[in-house]
Amino acid sequence: MSLATIASGVFSDLVGVITVSHLRKAYRHVVAVDDLSFDVEAGEIFGIVGPNGAGKTTTVECLQGLRHPDGGTIQVLGLDPTSQAAELRQRIGSQLQDSALPGRLRVAESIELFAAFAHHPVDCNELLARWRLEDLRAQAFDTLSGGQRQRLFIALAFVNSPELVFLDELTQGLDPQARRSTWQLIREIRQGGTTVVLVTHFMDEAEQLCDRVAVVDGGKVVALDTPQGLIDRLGLPSVVRFTTTEPDLGWLEKLDVVESMARHGEAVEIRGIGPVLALVASELVAHGIVPLDLRVERPTVEDAFLALTGGDIRE
Amino acid sequence: MSTMSGYLAMTRTEFRLFRREPFSVVFVLAFPLMMMVLLAAVFGNKQADAHKIQNGMLIWRGVTPANYYTAASVAVIVAALGLLILPINLASYRERGILRRFHASSVRASTLVSGQLTLALVTFVAGTVVLAIVAKLAYHAMWPQEVLGVVVALVAGTAAFGAIGLLLATVIRTSRSAQGIGLMLFFALWLISGTAPPRAVLPTSLRDIGGLLPLSHLVTAVQNPWFGFGWSGTDLAVLAAWAVAAGVPALWLFRWD
């Protein structure tokens, strides 16, 4: 390891793994990213979520040196992605959206090919095993299913033992089991000290995986917090539901935490902020009502996301 | 050294892909053969034709038409690589996101292209051997008189047309337009560079235009050592100049997506 590498490593610890300030990128007259700023700390899983066309992919492409920003400054691992792209790419891993490999190239061959360009390649067999690609070794890229291709691309992102990986739509095309095992592997990779930047439009993925999430909309960061922090700061209501034959429940509305109550026949729906479930439950028990189906729906990151981005999913 | 290991891995990959794409093997081996056989069938193989003169020039450069086209067909396949195969391949790699994937993993345009050109050169040499054998059996044509000179001409031609192909792939975005533009350029060059009608029969203006373009120089660069006229330094220099003039801006401006 050269002195410069050590020095830049130390430097990156001081300033964070990624520092983005006032990033701006336009395509002709369309402004994709406008005055966007955030920092990513070493060892975290950092999520970037936002509606389609919010500027997520453009942002991570700028961070990887694949696009040149029109304004603002970026530092990634202490390097400038525009002028030090070659050095940077040796230290980061990339899983890109909309990429492909030559159709007749086989799985094991493609891993070996990309390993040949890495200064610090990982063991190819280990990588194949870790991402459950062993049985597909001799299969050509053209014959892989969407989920299998996705696993191959994730594996390729780790072929150069990166300090930082960018995963753009990590679990696109994966079935539920594969999503869960992929999440587990990403957590393990973080345990090994790799910083992860995750671009996603799956809110459950952000909630499950990310330490912090930046919500991007209209090319700007509209919120940046832990998944729970995003929910808490918006003061979104919990919903308590149960069924009962008891005709009059007016006394429940007198509880401070309850904001509203609605009834549809036997079904009761109570909205409120704070410990709604506990207070409603104790009040019900005190009145001799013990519904079997008493349950609460806590606000999710998805609710926070919809509240923050105006709720309209733009396709 | 990772540049070298990257080049070797890329070249090995290109050879694998080539083997698995039977059409490209057929094209590289069969196309010049077909061209040579058809043109020799049209113009014959009479010793008397070797010394025919038109516009003050030896029409067939002092050899029989069959000999003439055997050597010229080698040049045609090199031009097809640069004007058609390479730009179409690279544009379709770009369209499918393969170039993006390579770009994100530190693959350089020069590595990508040198892998493809190494493969191309090997197939050209193989194609030339097949061509020489068939010409010998069918027309009692001459063996290449200076084999090294022919190989050097192939190297220079591959460099020139490889650079032109890369430049076309840089300027042209989609594989469909690469096909259209490539075919137009290919047939224009083919008709005025001595690969279809000999240049001696062309009007002066077309002969002059052809003389500025690289294919006519590749034809003489291959023919001269093949017929035992010695190496053609001027033609090799012109090919090298084309390689630099097209290759440097292409590597500089190459677009990955």
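**Exercise 1. A backbone angle in a loop**

Between which two elements does the loop with Asp98(A) lie, and is Asp98(A) buried or exposed?

*Solution.* Asp98(A) sits in the loop that runs between strand 5 (92–95) and helix 4 of chain A. Keep in mind that this is a predicted model. Next, look at the surroundings: there are 12 other C-beta atoms within 10 Å of Asp98(A). A residue with 12 or fewer is exposed, so Asp98(A) is exposed. Finally, check the backbone: phi of Asp98(A) is near 55°, a positive value in a residue other than glycine. Most residues other than glycine have a negative phi.

**Exercise 2. A positive phi in a strand**

In which strand is Asp35(A), and how many C-beta neighbours does Asp35(A) have inside 10 Å?

*Solution.* Start with the place: Asp35(A) belongs to strand 2 (residues 30–40) of chain A. Its phi is near 55°, again a positive value in a residue that is not glycine. Now count: Asp35(A) has 14 C-beta neighbours inside 10 Å, so Asp35(A) is partly exposed.

**Exercise 3. Chain A and its helix 4**

Which residues of helix 4 of chain A are buried?

*Solution.* Begin with the whole chain. Chain A contains eleven helices and 13 strands, and 39% of its 315 residues are buried. Then turn to helix 4 (residues 107–115) of chain A, which is mostly covered, with seven of its nine residues buried. These are Val107(A), Glu109(A), Ser110(A), Ile111(A), Leu113(A), Phe114(A) and Ala115(A).

**Exercise 4. Domains of chain A**

How far apart are the C-alpha centres of domain 1 and domain 2 of chain A?

*Solution.* First find the bounds: the domain assignment gives domain 1 (3–231) and domain 2 (237–298) for chain A. The C-alpha centres of the two domains lie 44 Å apart. For scale, the C-alpha trace of chain A spans about 75 × 45 × 40 Å along its principal axes.

**Exercise 5. Two helices packed together**

At what angle do helix 5 and helix 6 of chain B pack, and what is the class make-up of their contact?

*Solution.* Helix 5 (residues 109–139) and helix 6 (residues 147–171) of chain B pack at about 140°, and their axes are 10 Å apart. That angle makes helix 5 of chain B oblique to helix 6 of chain B. The crossing of these two helices of chain B is right-handed. Among the residues making the contact are Leu117(B), Leu121(B) and Phe124(B) of helix 5 and Val151(B), Leu154(B) and Val155(B) of helix 6 of chain B. By class, the contact of helix 5 with helix 6 of chain B has eleven nonpolar, three polar and no charged residues.

**Exercise 6. A helix end and a distant partner**

Which residues does Glu95(B) contact, leaving aside its neighbours within four places in sequence?

*Solution.* Glu95(B) is part of helix 3 (residues 65–96) of chain B. With 16 other C-beta atoms within 10 Å, Glu95(B) is partly exposed. Apart from those neighbours within four places, Glu95(B) is in contact with Thr174(B) and Ser175(B). Arg173(B) is 78 residues away along the chain from Glu95(B), and their C-alpha atoms are separated by 8.0 Å.

**Exercise 7. Where the chains touch**

Which helix of chain B supplies the largest share of the side that touches chain A?

*Solution.* The contact takes 19 residues from chain B and 21 residues from chain A. On chain B, helix 1 (2–20) and helix 4 (98–104) each supply at least two residues. Helix 1 of chain B gives the largest share, eight residues. By class, this side of chain B has five nonpolar, eight polar and six charged residues.

Definitions and conventions. Residues numbered from 1 in each chain as written. Chains lettered and ligands numbered in written order. Predicted model: local features only at pLDDT ≥ 70, side-chain atom pairs only at ≥ 80, totals over all residues. Contact = placed C-beta atoms within 7 Å. Helix = DSSP H or I, 4+ residues; strand = E, 2+ residues; numbered from the N terminus. Nonpolar A, V, L, I, M, F, W, Y, C, P; charged D, E, K, R; others polar. Buried ≥ 20, exposed ≤ 12 C-beta atoms within 10 Å, placed from the backbone. Axes fitted to C-alpha atoms, helices over the stretch in contact; angles between N-to-C directions. Parallel < 35°, antiparallel > 145°, perpendicular 65-115°, else oblique. Left-handed = near helix turned anticlockwise from the far one by under 90°. Domains from an automatic or database assignment.
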